[in-house]
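Biologist: I have a model open and some labels I want justified. Can we go through them one by one?

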Amino acid sequence: MKKTGAAIVGCGTIFAQHARVLSEIEETELRLVVDSELFKAEREAEIYGCEAAADYRVILERPDIEVVHLCTPHHLHAPMAEELLAAGKHVLTEKPIAHTPKAAESLRAAAAKSSAQLGVVFQNRYNESSRRIRELIDSGRLGRLLCMKGIVTWSRLPEYYTANPWRGSWATEGGGMLINQTIHTLDLLQWFANSDVKRIAGCITTDSLGDYIEVEDTAHACIDFSNGIRALFYGTNAYLTNSPVELELIFEQGTLLQRRDCVYLLENGEETEICRPSQIAEGVKSYWGVSHGLLIRDFYHHVRENRPFWLDAEEGSRALQIVYGIYAASQSAAAITRWDPKA
Ligand SMILES: NC(=O)c1ccc[n+]([C@@H]2O[C@H](COP(=O)([O-])OP(=O)(O)OC[C@H]3O[C@@H](n4cnc5c(N)ncnc54)[C@H](O)[C@@H]3O)[C@@H](O)[C@H]2O)c1
């Protein structure tokens, strides 16, 4: 069997999630790891038995590398992906698709021109609980979905930002808690709503980390979708710990609660657990979830079978547009109904 050759660019915190999965997929071979700080690439190359490089452009000259994972700071996603796609390399980029909607739009245009595929890592869409909720929405079993709330209370200490200064800056991170941490929850809310956004009101603040970052650490929003569904959102990085994300979805005939990847149904005054995943993420980084592996495997299936991957530039841009809608609403101190999400 011919193996699909892979490279990972960026050997920081999230790198191992990708490298470990690649080492488990039989049809795939990690051939190169890249980091501008070469010692990091060399350290990982030793562990995963592959080559190391400091400049991702070497990939352009490597016909044996077909898929490239981008695990780099946000502002590098779009320019790197555009160059790689133009050279016919499939790209799987970590979220967000780009650090601004404008950069995301440029990348979307590049992906449309390329024969290769672009995928965006929103792994929580692959969580058993998220899939179960989406099935219930689509089936209509609980009537129409009316309203949702998403609550994320996490903790990021000053060291998280000082250790990696691309974080906490508009130019390189593209925002703060919304674009980096809670974009996953905003993505789930919009995926469940399954509709374009009509109106966003909201506000960002820097409640706790103002001495260290220029971006927000806290935000709230009220998001109205074109199909009439409303989502209320609160997120912060100023909490003591990384609590499980909590989502509530109110339907005509019942309410769903999603917490720690379990789903509970409240119906006729009774609460029942309707989803308890076989694998619950535990440990320090449990809030990342368990689904990187599912998403990465699915991306490779699509690439190998030459089928379009569903979490593409269009899908991968939706949550980013909401993030920037909240920034725009906060700046104008009014609800936004007519912002250009691609500007
Ligand atoms: N999906 C998730 O749950 C999840 C979780 C954590 C991080 N992420 C995402 O992963 C990406 C990376 O985040 P991280 O926390 O691992 O960051 P990090 O700072 O720990 O790692 C980034 C790495 O990229 C390297 N790098 C910087 N510029 C480079 C260049 N020009 N060429 C090659 N390498 C370069 C850095 O040296 C560093 O090792 C971000 O997009 C982040 O949002 C996703």
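Biologist: Which helix gives the largest share of the shell around the ligand?

Modeller: Helix H3, residues 74–86, with 4 residues. Keep in mind that this is a predicted model.

Biologist: What makes a residue part of that shell?

Modeller: One of its heavy atoms must lie within 4 Å of the ligand. There are 27 residues around the ligand, and Thr 13, Asp 35, Lys 95, Asn 164 and Arg 167 come nearest. By class, the shell holds 9 nonpolar, 12 polar and 6 charged residues.

Biologist: Why is the pairing of Thr 13 with the ligand called a polar contact?

Modeller: The cut-off for a pair of N or O atoms is 3.5 Å. An N or O atom in the Thr 13 side chain is 2.8 Å from a ligand oxygen. The pair is within the limit, so the name applies. Arg 167 also qualifies, with a polar side-chain atom 2.7 Å from an oxygen of the ligand.

Biologist: What about Asn 180?

Modeller: A polar side-chain atom of Asn 180 lies 3.5 Å from a ligand oxygen. The limit reads "within 3.5 Å", so this pair counts too. As for cover, the ligand taken alone exposes 850 Å², and the protein buries 90% of that.

Biologist: How do you know that the ligand sits in a pocket?

Modeller: The test is that more than half of its atoms lie within 2 Å of the pocket's grid points. The ligand passes for the largest pocket.

Biologist: Why is the ligand said to lie between domain 1 and domain 2?

Modeller: Domain 1 (4–124 + 294–312) and domain 2 (125–286 + 319–332) both give residues to its shell, so it lies between them.

Biologist: What is the peptide bond from Lys 95 to Pro 96, cis or trans?

Modeller: That bond is cis, with omega near -15°. Pro 96 is in the loop between strand E5 (90–94) and helix H4 (101–113). Most peptide bonds are trans.

Biologist: Where is Asp 261 found?

Modeller: In the loop between strand E12 (254–259) and strand E13 (262–267). Asp 261 has a positive phi of about 65°, although it is not a glycine.

Note on methods:
Residues numbered from 1 in each chain as written. Predicted model: local features only at pLDDT ≥ 70, side-chain atom pairs only at ≥ 80, totals over all residues. Heavy atoms only, no water. Polar contact = N/O pair within 3.5 Å; in protein donor to acceptor, adjacent residues only side chain to side chain. Areas by Shrake-Rupley, 256 points an atom, 1.4 Å probe, with all protein chains shown as cover. 1 Å grid on protein atoms, 1.4 Å probe; cavity = no way out; pocket = protein on both sides within 12 Å on 5 of 7 lines; lining within 4 Å. Helix = DSSP H or I, 4+ residues; strand = E, 2+ residues; numbered from the N terminus. Nonpolar A, V, L, I, M, F, W, Y, C, P; charged D, E, K, R; others polar. Domains from an automatic or database assignment.
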